[in-house]
Amino acid sequence: MGPPLNARREITLAIALPLAAVALTAIVLSLHLFVSEPIPGWGKALGFAAIAAPVVAATVLCFRGRARRNWKATLVFPLLIAAGSGALVPAFNQFALAHHGIDVECAVSYRNDYIAHMEDGDEPKSEHEFRCVGWDPPTLTTGRDEALERGDHLIIVFDPLGRVDPSFGDPSLAGGLMFTPLTLLFIAAATAIRLYLIDDGTIKTALTTRRR
């Protein structure tokens, strides 16, 4: 059976790694999206390494101690951490466009109507290409009932440095915050699943005793 788990250590790791991943991702995204000049290549590599470090550490833990006997299931832990960090990307994209995005009036220069073959049936779609003076032409796909006519105008929000895809909506701080519950859900699930899969009764006892 081996020695009992070090409950304090396991609980700390299960909580600290997801939080560290989310915090580092938030820092890197902030630096990437809110600096006034493009980040050099070495800076991007360093940022990627910082984001990847907690996920790599969580993966290593899947092959050590009690987790090793059930490593396929415990790999959910790093996957959920990565998903939680990834959920911050659309949130920070919204923050960036809301903070320093530029409104550009664009016109539909081309429209292609086609039938999309879906699993639940065929669906009429329309692909639009826009002409935006001074910017690369973005594209937008809608349902046929929401299609725009050639020559119609639409306000599109661009990032001045091209770090974020243009937005056809109205980016806002509130819109970005809507993604944060998803991040919290992923990291909470990661912590709970890891502790459940490796527990031999020690962690459950420790948590029960702490509540009393």
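Buried, here, means a relative accessible area under 20%. The legends below describe a predicted model.

**Figure 1. A glycine tucked away in helix α2.** With that cut-off in hand, Gly43 counts as buried, because its relative accessibility is 18%. You'll find Gly43 in helix α2, which covers residues 41-61. For a sense of distance, pick out His32 as well: Gly43 and His32 are 11 residues apart along the chain, and their C-alpha atoms are separated by 9.2 Å. While you're browsing buried spots, have a look at Cys62 too, which is buried with a relative accessible area of 0%.

**Figure 2. Helix α1 from end to end.** Helix α1 takes in residues 7-34. How far should its 28 residues span? At 1.5 Å a residue the expected figure is 40 Å, and the end C-alpha atoms are indeed 40 Å apart, so the two agree. Several α1 residues are buried, among them Ala7, Glu10, Ile11, Ala14, Leu17 and Pro18. Further along α1, the buried residues include Ala21, Val22, Thr25, Val28, Leu29 and Leu33.

**Figure 3. Ile27, a partly exposed residue of α1.** Ile27 belongs to helix α1. Is Ile27 buried or exposed? Neither, quite: Ile27 has a relative accessible area of 47%, so it counts as partly exposed. Now look across to Ile102, which is 75 residues from Ile27 in sequence. From C-alpha to C-alpha, Ile27 and Ile102 are 23 Å apart in space.

**Figure 4. The open sheet, strand by strand.** Four strands make up this open sheet, and their order is β3-β2-β1-β4, with antiparallel pairing. Which strands sit at the edges? They are β3 (139-143) and β4 (153-158), each of which pairs on one side only. On average, neighbouring strands of the sheet are turned by 45° against each other, ignoring direction.

**Figure 5. How β1 and its neighbours pair up.** Strand β1 covers residues 102-118, and β2 covers residues 121-131. A hairpin through 2 residues takes the chain from β1 to β2. These two strands pair in the antiparallel sense over 11 bridges. For one spot to find by eye, try Asp113, which stands opposite Ser126 in β2. Strand β1 also pairs with β4, again in the antiparallel sense, over 6 bridges. Here Ala107 has His153 in β4 as its bridge partner.

**Figure 6. Where β2 meets the edge strand β3.** β2 and β3 pair in the antiparallel sense, over 5 bridges. Look for Lys125, which stands opposite Gly143 in β3.

**Figure 7. A disulfide between Cys106 and Cys132.** How many disulfides does the structure hold? There is 1, and it joins Cys106 to Cys132, with an S to S distance of 2.0 Å. The link is right-handed, with 120° about the S-S bond. Cys106 lies in strand β1 and Cys132 in the loop between β2 and β3, so the link ties together parts that are 26 residues apart in sequence. Both Cys106 and Cys132 are buried.

**Figure 8. Phe92 and Phe95, edge-to-face.** Two numbers help here: a pair of aromatic rings is described by the distance of the centres and the angle of the planes. The whole structure holds 4 aromatic pairs. In one of them, the ring centres of Phe92 and Phe95 are 5.3 Å apart and the planes meet at 70°, so the pair is edge-to-face. Phe92 and Phe95 are 3 residues apart in helix α5 (residues 88-100), so about one helical turn separates them. Phe92 is buried at a relative accessible area of 11%, and Phe95 is buried at 16%.

**Figure 9. Trp135 and Phe158, stacked.** The ring centres of Trp135 and Phe158 are 4.7 Å apart, and their planes are at 25°, so this pair is stacked. Trp135 lies in the loop between β2 and β3 and Phe158 in strand β4, so the pair ties together parts that are 23 residues apart in sequence. Trp135 counts as partly exposed, at 25% relative accessibility, whereas Phe158 is buried, with a relative accessible area of 6%.

**Figure 10. An arginine over a ring.** What lies over the face of Phe77? Arg194 does, at 5.5 Å from the ring centre.

Conventions. Residues are numbered from 1 along each chain as its sequence is written. This is a predicted model: local features need pLDDT of at least 70, side-chain atom pairs count only at pLDDT 80 or more; totals for chains, interfaces and linings use all residues. Side-chain values use heavy atoms; hydrogens and water are left out. Buried means under 20% relative accessible area, exposed over 50%, partly exposed in between (1.4 Å probe, protein chains only). Two strands pair if DSSP finds at least two bridges between them. Axes are lines fitted to C-alpha atoms, for helices over the stretch in contact, and angles run from 0 to 180 degrees between N-to-C directions. A disulfide is a pair of cysteine sulfur atoms within 2.5 Å. Rings of Phe, Tyr and Trp (its six-membered ring) pair if their centres lie within 6.5 Å; planes under 30 degrees apart count as stacked, over 60 as edge-to-face and the rest as tilted. A charge sits over a ring if NZ of Lys or CZ of Arg is within 6 Å of the ring centre and within 35 degrees of the ring normal. The expected span of a helix is 1.5 Å times one less than its number of residues.
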